[in-house]
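Here are a few exercises to help you find your way around a new structure. Try each one on the model before you read the solution.

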Amino acid sequence: MALPDAKIPDGPIERKWSYYQAHCKLVNAANRSRFQIAVIGTGLAGGGAAAALGELGYSVKAFSFHDSPRRAHSVAAQGGVNAAKNYQNDGDNVWRMFYDAVKGGDFRSREANVYRMAELSVDLIDTCVAQGVPFAREYGGVLANRSFGGVQVERTFYAQGQTGQQLLLGTIAALNRQIDAGRVEMFSRHELLDIVVVDGRAAGVVVRDMVTGEIEAHAAHAVVLATGGYAKIYYLSTLAMGSNATAIWKAHKRGALLANPSFVQVHPTSLPPLGVHQSKLTLMSESLRNDGRIWVPAQAGDPRHPNEIPESERDYYLERRYPAFGNLTPRDIASRAAKERIDAGHGVGPLANAVYLDFRDAIRNHGEDVIRSRYGNLFGMYQKITGLDAYREPMKIAPAAHFSMGGLWVDYELMSSITGLYALGECNFADHGANRLGANSLLQACIDGYFILPSTIGNYLATRLHEPLPDTDHPAFRDATQEAEESVNKLLAVGGSRCVDHFHRELGAILTDRCGISRSGAGLRSAIEDVRRLRREFQQDVKVPGGPREPNSELDKALRVQDYLELGELMCRDALERDESCGMHFREEHQTGDGEAVRNDQSFAHVAAWEHVEGGEAVRHQEQLAFEFVEIATRDYR
Amino acid sequence: MKITFRIWMQDGPNSAGEFVEHAPEGLAPDMSFLEALDHVNESRILSGQRAIEFDHDCREGICGTCGVVINGRAHGPLAATTTCQLHMRSFSDGDLVTVEPFRARAFPVIRDLKVDRSSLDRVARSGGYVSTNIRAAPEANSILVPRHAARAAFDAASCIGCGACVASCKNAAASLYTGAKLAHLSELPQGKIENTLRVVRMVEAMDREGFGSCTNTEACEAACPQEISAHLIARMNRQYNWARLKSLGRKLT
Ligand SMILES: Cc1cc2nc3c(=O)[nH]c(=O)nc-3n(C[C@H](O)[C@H](O)[C@H](O)COP(=O)(O)OP(=O)(O)OC[C@H]3O[C@@H](n4cnc5c(N)ncnc54)[C@H](O)[C@@H]3O)c2cc1C
Ligand code: FES
């Protein structure tokens, strides 16, 4: 298979999207209801797409494994959403926002996609406000902004610490309106198990009803995946318990290329695991770094309480190494620096797995009331989880897997390499390169669903006007349904001696250790062996209780972990083949004397797009990245 | 620490249920409540039993998926805390902890602690939105919203839709949930326009779904992890009565 064309329109970058829109084919309003579209996932990306398609008059079936679309993990985003509105008159514009994202992604993203994201950010805020999203406001009633994550302008819109939930409620309201109008049919508690491809085109999906266990086939003229991120593969992550890679992995196995799967962002300010029972990590908003100072004891293994360690024996390692940005260095750099100190034995807390984030000086300078007004809810959350009072002693924080920049390869139209199969939001690879800037992913999920897909899907469907809905009696549907059925039965039949979580934890530990914040050739090679071994053990020794035709959460988990065990290997291979450091992908072999990442633009200014080979090794394709509009530069935050 | 759990198990909506007891080894005060349930399940599975079903996802108090009744209280003993945010340090060594599903006529049990709350979604779908098409939006700052109104709208909109209000109400009413959605939209100029129709549709949907009627005990407010104020219920009732009065002899469209 050759890498498909990315279909980037000609012309100056600021005209590409309008040029595309002016020339793409349209489906006549009267014909739209004849098209059946299956949307998998109803977070910001999928919920937005389903609503927009419903408004246009298409017939939509929307699926989510959650009991309600409002629970998609978009709900957990705290910080905010970026838009180049320049309401603050601080010199922001679309170009600057575009440049920040390309640079933030360490020059591993597609210029045209990123520019479009910045361009459409402006309309997004208008749409959200019209839906009733209660963004923060100034006294005069206008929208408020703050700055976020390594940029010099204030372009982040927010709704206290709940931006994700409030944006999602706007999306779900729009979706509900279409459900109410009968244009979208919603299938909650339904998990996608396979994509059906007929004659090289997406023809439908196989899903499992998670209450009855029934496996169903649904035909569609086009299939849209918007299933979110897969960082839960690390087991301990800021993702939700149910977050999975099943949809993109099954699409991959049916022929969709998977791009840069090893590009996963590790967030520097999560809470550390408190013990072996830990199931999930809670993010502490990055905004805390505006006032908190990060340090570890200068003496490794110092047993003293942090408040008893004098100033001269504290190592404010970010301020030391990066005097220009200090505690506000970008995520990848802050995470790596923390890991370096923890690995060197300076980690704190009972498991020596954390660093301090200290508000002592901020409280001294601004008073406790000011700090409380800024971060009161976060300090409260910290107290709930750890039982500790961060006004009196430093917080303990640690890096945690957080966001997958990698995902299904898509072209400019967000179509994957399977014709008629689209990928939106975090499950595609499109906009963030090797490192995602804070507050850009809510943006990306929203614009993919609200604005981009509703245009681009018409360009495809317009050519399919006379095609009937694929028949679910087609052998491709029967085979896919049967395979899904068999994989369920096989898991239930193993009857081994270890629970699903056991395997997930071990997989997570392997990847965190060797395919996480820092990677090496030798480590990755051994990780591949270990993942393969673990996969074999899973097949022989997993214990999944219960039956196939009943609510069975253990079975749900097992199906997800089974796919994670395959994806994990590909992630390691991707990291191994990318023999450079870039963004969050840090190869120990490629660093300067003082530990800074060294990129190799000569050989690696490309997207790695992996093709599945049944029974063999995946094949790596390269999409060369052309930087026509920005000049490649070295990131330097020192 | 040593805790004895009494956990409700019920195969399906129409089966009889019963309590099962578990006193697992190896519980730690730093475990979250759901991690303790994971722990119970692990020992059940390894001894050949099926897992106890419960709903959960974000495990950080924002998605609204989790929720059980713990010792008679929806989401357990702590105020403003979801089940997933509760930690075992809130219990004492030797405690007996009873765990039941959110019970309500409108929340049929799926299995064990898992209930079907789709009735709440159907209430939201009955007009709980602003009728605007995506992109059919004026410049964002052309809609000015006083700061206090934005704040009030946010406070109401912070509802996570968990259903604890219903589970804690002796009549299993969904008035706090519905009142919150109505208040969120009616505080904002964008949402005011359709308020009359919305309030009628949502209140009637609540009745249709089998939620009970509110008798103002405010148990819901006490159980709400987002601390949504029961005042919003009075406001909903006022708006509903007014809307009904206005619409006498007239069809609301
Ligand atoms: C803790 C946290 C904080 C964050 N904070 C920010 C922030 O401040 N700003 C920012 O810009 N970004 C933030 N992000 C990132 C951002 O929230 C996500 O990238 C974005 O919301 C993803 O949206 P989505 O629609 O692609 O996926 P999701 O919202 O995750 O939705 C996925 C949907 O797919 C469904 N699904 C998944 N798998 C299946 C399957 N197999 N079958 C059926 N359905 C399935 C789910 O049910 C769900 O409906 C944060 C992320 C996390 C984890
Ligand atoms: S699991 Fe999301 S609120 Fe508890």
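## Exercise 1: the parallel sheet

Chain A has an open sheet of five strands in the order 5-2-1-9-17, with parallel pairing. Strands here are DSSP runs of E with at least two residues, helices are runs of H or I with at least four, and both are numbered from the N terminus. Two strands pair if DSSP finds at least two bridges between them.

Before you start: this is a predicted model, where local features need pLDDT of at least 70 and side-chain atom pairs count only at pLDDT 80 or more, while totals for chains, interfaces and linings use all residues. Residues are numbered from 1 along each chain as its sequence is written, chains are lettered from A and ligands numbered from 1 in the order in which they are written, and side-chain values use heavy atoms, leaving out hydrogens and water.

Task: find which strands stand at the edges of this sheet, then look at how strand 9 and strand 17 of chain A pair.

Solution:
1. The edges are strand 5 (184-187) and strand 17 (421-423) of chain A; each has a single partner strand, so one side of each has no neighbour in the sheet.
2. On average, neighbouring strands are turned by 20° against each other, direction ignored.
3. Now go to strand 9 (residues 222-225) of chain A, which pairs with strand 17 of chain A in the parallel sense over three bridges.
4. Along this pair, Val224(A) sits opposite Tyr422(A).

## Exercise 2: the antiparallel sheet

Task: work out what packs on the open sheet 16-10-18-19 of chain A.

Solution:
1. Four strands make up this sheet, and their pairing is antiparallel.
2. Strand 16 (407-408) and strand 19 (619-624) of chain A are at the edges with a single partner strand each, so one side of each is left without a neighbour in the sheet.
3. Strand 10 (residues 258-259) of chain A is joined to strand 16 of chain A by two bridges, and Ala259(A) stands opposite Gly407(A).
4. Helix 15 (residues 553-577) of chain A packs on the sheet and touches strand 10, strand 18 (606-611) and strand 19 of chain A. Contact means heavy atoms within 4.5 Å.

## Exercise 3: where the chains meet

Task: describe how chain A and chain B touch.

Solution:
1. Count the residues: 80 of chain A are in contact with 74 of chain B.
2. Take the area: the two chains bury about 6300 Å² between them, 50% of it on carbon and sulfur atoms. That's the accessible area (1.4 Å probe) lost on putting the two parts together, summed over both.
3. Arg71(A), Arg137(A) and Lys384(A) supply 11% of the area that chain A buries against chain B, more than any other three residues.
4. Look for charges: there are seven salt bridges between the chains, each a side-chain nitrogen of Lys or Arg within 4 Å of a carboxyl oxygen of Asp or Glu. One of them links Asp67(A) and Arg117(B) (3.2 Å, N to O).

How values were computed
Axes are lines fitted to C-alpha atoms, for helices over the stretch in contact, and angles run from 0 to 180 degrees between N-to-C directions.
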